[in-house]
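Ready to work through a structure one small task at a time? Take a look at what comes next, then try each exercise before reading its solution.

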Amino acid sequence: MIIESIFITTAHLLTIRTIISPTYADHVISIDTLTNIIILFMVAYSINIKNPMYLDTALLFAMIPYVDVIAIAKLVNK
Amino acid sequence: MIHETLLTIAALSALIGAIGFFRLPDFYTRVHAATMVTIGGACLALTALALHIHTTAGLSAPYTIKILMIIAFIFITNPTGSHALTDAAMKQASGQEN
């Protein structure tokens, strides 16, 4: 109960930080961090309902922001 | 027992990282806080969930294998992504061409 509340608080703090952050790199790194918290929630929900379907979605969710971060980091210094 | 301890350490690490993400003054120090949320928070909690499956929940083996794949992928990709983004931000701040 307390641990879930702490992770949900972390996700809300990262969302607020994404909105008010000053530079582009802060947006990118905070959305990347928020995605990892979302992966944790997906895995916990998949164990809770005893259905392994969401684990594949979580694996894809681990891959997509990496491509985003690398693409933006290459795009900025063009 | 051990997965509850790991979950507690992960939750404290994630909360400290999120507070540091607000409080730290520079982008390069905020990257440190974000990586602390990812590795110390999410990866440690995923390890705790894998141990929980293996010991008490009574679920089958593909759960553990897929969760270990997710942990290994985050461990590989998150430091490389943070390094690439910090390198790009530093090159842009110093006006250096790539």
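**Exercise 1. Find out how many helices and strands chain A has, and in what order its elements run.**

Start with the count: chain A has 3 helices and 0 strands. Here helices (H or I, at least four residues) and strands (E, at least two) are DSSP runs, numbered from the N terminus. Next, the order: from the N terminus on, chain A reads α-α-α.

A word on the ground rules. This is a predicted model, where local features need pLDDT of at least 70, side-chain atom pairs count only at pLDDT 80 or more, and totals for chains, interfaces and linings use all residues. Residues are numbered from 1 along each chain as its sequence is written, while chains are lettered from A and ligands numbered from 1 in the order in which they are written.

**Exercise 2. Work out how the radius of gyration of chain A stands against that of a compact globule of 78 residues.**

First, the rule: the radius of gyration is taken over C-alpha atoms, and the globule value is 2.2 Å times the number of residues to the power 0.38. For 78 residues that comes out near 12 Å, but chain A has 15 Å. Then look at the outline: the C-alpha trace of chain A spans about 45 × 25 × 10 Å along its principal axes.

**Exercise 3. Check whether the length of helix 2 of chain A agrees or disagrees with its number of residues, then see what follows this helix.**

The expected span is 1.5 Å times one less than the number of residues. Helix 2 of chain A has 25 residues, so it should span 36 Å; its end C-alpha atoms are 36 Å apart, which agrees. Just after this helix comes Lys50(A), with a positive phi of about 55°, and Lys50(A) is a residue other than glycine. Lys50(A) sits in the loop between helix 2 (24–48) and helix 3 of chain A.

**Exercise 4. Decide: is Lys50(A) buried or exposed? And Ile64(A), buried or exposed?**

You'll need the cut-offs: with C-beta atoms placed from the backbone, a residue is buried if 20 or more other C-beta atoms lie within 10 Å of its own, exposed if 12 or fewer, and partly exposed in between. Lys50(A) has 11 other C-beta atoms within 10 Å, so it is exposed. Ile64(A), in helix 3 (residues 53–76) of chain A, has 10 such atoms within 10 Å, so Ile64(A) is exposed too.

**Exercise 5. Describe helix 3 of chain B: its length and its buried residues.**

Length comes first: with 33 residues at 1.5 Å each, helix 3 of chain B should span 48 Å, and its end C-alpha atoms are 48 Å apart, which agrees. Next, the buried residues of this helix include Tyr63(B), Ile67(B), Asn78(B), Gly81(B) and Leu85(B). After the helix comes Gly95(B), whose phi is positive, near 70°.

**Exercise 6. Find how many residues of chain B are in contact with chain A, and which helices of chain B supply them.**

Contact means that the C-beta atoms of two residues, placed from the backbone, lie within 7 Å. By that test, 40 residues of chain B are in contact with 36 residues of chain A. Helix 1 (2–23), helix 2 (27–57) and helix 3 (61–93) of chain B each supply at least two residues of the side that touches chain A. Helix 3 of chain B gives the largest share of that side, 17 residues. Finally, sort that side of chain B by class: 29 nonpolar, 8 polar and 3 charged residues. For this sorting, Ala, Val, Leu, Ile, Met, Phe, Trp, Tyr, Cys and Pro count as nonpolar, Asp, Glu, Lys and Arg as charged, and the others, Gly among them, as polar.
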